[in-house]
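I opened my notebook to look up how this model is built. I wanted to go from the fold to the places where chains meet.

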Amino acid sequence: MFDLFSIVQNNWTLFLIGQYPHGPLGGLASTLILAALALLLAFPFGLLLALARVSPWKGLRWTATVWVYVLRGIPLLMVIFWTYFLVPLLIGHNITGFVTMLCTLVIYQSAYLCEIIRGGIQALPAGQYEASRALGLGYLRTTIWVILPQALYNALPSLISQFISIIKETSLGYVINVQEVTFAANQVNNQLLTKPFQVFFILAIIYYLLCFGLTHLAGWVERRIARKRLGNGGPAVAADPLLAIDN
Amino acid sequence: MKHDFDLAAVLQGEYAELIVKGIETTLQLALFAWLLAMALALLLVTVRLTGNKLADRLVAGYVSYHRNVPTLVQLMLWYFGVPTLLSESTQLWLANYSTEYLFSVIALGLCQAAYFCEDIRSGLRAIPAGQTEASRALGLGYVRSMCYVILPQGVRNCLPSLINHTVLLFKNTSLAMAIGVVELTYATREVENYTFRTFESYLVATVFYLVFSLLLMGLGALLARRFNKALAR
């Protein structure tokens, strides 16, 4: 028990920000930045894919479906290696581990975000679409002004849980030497050599506190939305049971 | 950069052997971890159903830990950390074996047990209490009402998420490469290192993962339909 405190005391900067300012930013800060950027950049892709999956055009629907199923069917590690190999070939110069991991997460999460947003869209009663079309709004306007605002609002709790998954997935960056908190823990472990259990236990606690807090935030948002919707007499959220989040 | 595509280069001789061996290990890992996870999940659900406050809390803590910590970190904790807690003689004895395989089965199994436990519990919880009451009122005992009334409905409720998490477990076996288990992803990296045929070797592994995942999903859909039909009769 005493070991834990002394390890934290001696290495807290490494866990928190890596070797910054003497080296690249790492540690927990890097993990959080990576996860937040990944969610932010993956969101527009997920949105477009979701719209493609519910669009009236067959070709578009089909392409998006294939994209989603392929990405849901292979391990994230495989996607990491593909990105590591293909992206430098495509853009012509090497990229850092951080950017590789970011690209990977954006590609991988676009499929999962697509399913979440699609779930939000399909949980809306068909009357919403019909009514707005009857009022003279076109397909595009109906989507932008009527469908999406409601669908995204309903999907908010799932989006927060997805952020938790992304945080956990950033740990895989360790495999390609991305400077983040799992990498930092391994550095600490390599320095100490004799206390692997304590070091990785600290790492587990860091992830646990972070993700546990966010889980509660998601629960709170969900209850709030449910309460609000109760006032409007809207539909219950249809959680997509076919969507396995978490990694 | 020109890259002449040649799938045969990675699918022959020792490379093919390596990949086949990797596939075997992946499937074995998935199977053993699944069995461990399911057995433990059933145990955990039973503990939660007894309604003991303390036991309930403990199981909830177990589930929460395994769902909020990355699987990779759990693997590292087991593989690097846990052996150092054992006695010196046990450590020496363990050093004779390839512990990475054993510990990855344990870590993956324990992690997935948390997901399975939640799946089964929410499947059972979705059944209205009236079902139990009605079957008890009809004179069925606890065991019979469980076997004939509650469980058939519960299994049907939790089947989709169980299948999903089985696919997740299958995909998670690739994480075992990080601690040195020679499963498919590791083997693919080896083949790539020897042949420099990155595209081909990744393609083989990706296609295998994809086909097997889709197979599992398809099997799940088939099972779900079976159950629904059996219940509709």
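My entries on this structure follow.

**Fold.** I noted at the start that this is a predicted model. I looked up the secondary structure of chain A and found 9 helices and 0 strands. Read along the sequence, the pattern is α-α-α-α-α-α-α-α-α. I then looked up the extent of chain A: its C-alpha trace spans about 70 × 45 × 30 Å along the principal axes.

**Burial and contacts.** Chain A has 247 residues, and 40% of them count as buried. I took the contacts in chain A between residues at least 6 apart in sequence, and 74% of these join residues at least 24 apart.

**Where the chains touch.** How many residues does each chain bring to the contact? I counted 34 residues from chain A and 36 residues from chain B. On the chain A side, helix 3 (58-73), helix 4 (76-91), helix 8 (181-192) and helix 9 (196-232) each supply at least two residues. Helix 9 of chain A gives the most to that side, with 11 residues. I sorted the residues of the chain A side by type and got 26 nonpolar, 6 polar and 2 charged.

**Core.** The largest nonpolar core has 117 residues. Those with the most contacts inside this core are Ala38(A), Leu203(A), Val73(B), Leu75(B) and Cys117(B). Helix 5 (residues 97-122) of chain A gives the most to this core, with 15 residues.

**One residue.** Which residues does Leu203(A) contact, leaving aside neighbours within four places in sequence? I found Val181(A), Thr182(A) and Ala185(A), together with Val73(B) from chain B.

Technical notes. Residues are numbered from 1 along each chain as its sequence is written. Chains are lettered from A and ligands numbered from 1 in the order in which they are written. This is a predicted model: local features need pLDDT of at least 70, side-chain atom pairs count only at pLDDT 80 or more; totals for chains, interfaces and linings use all residues. Helices (H or I, at least four residues) and strands (E, at least two) are DSSP runs, numbered from the N terminus. A residue is buried if 20 or more other C-beta atoms lie within 10 Å of its own, exposed if 12 or fewer, and partly exposed in between; C-beta atoms are placed from the backbone. Two residues are in contact if their C-beta atoms, placed from the backbone, lie within 7 Å. Ala, Val, Leu, Ile, Met, Phe, Trp, Tyr, Cys and Pro count as nonpolar, Asp, Glu, Lys and Arg as charged, and the others, Gly among them, as polar. A nonpolar core is a set of buried Ala, Val, Leu, Ile, Met, Phe, Trp, Tyr and Cys residues joined through C-beta atoms within 7 Å.
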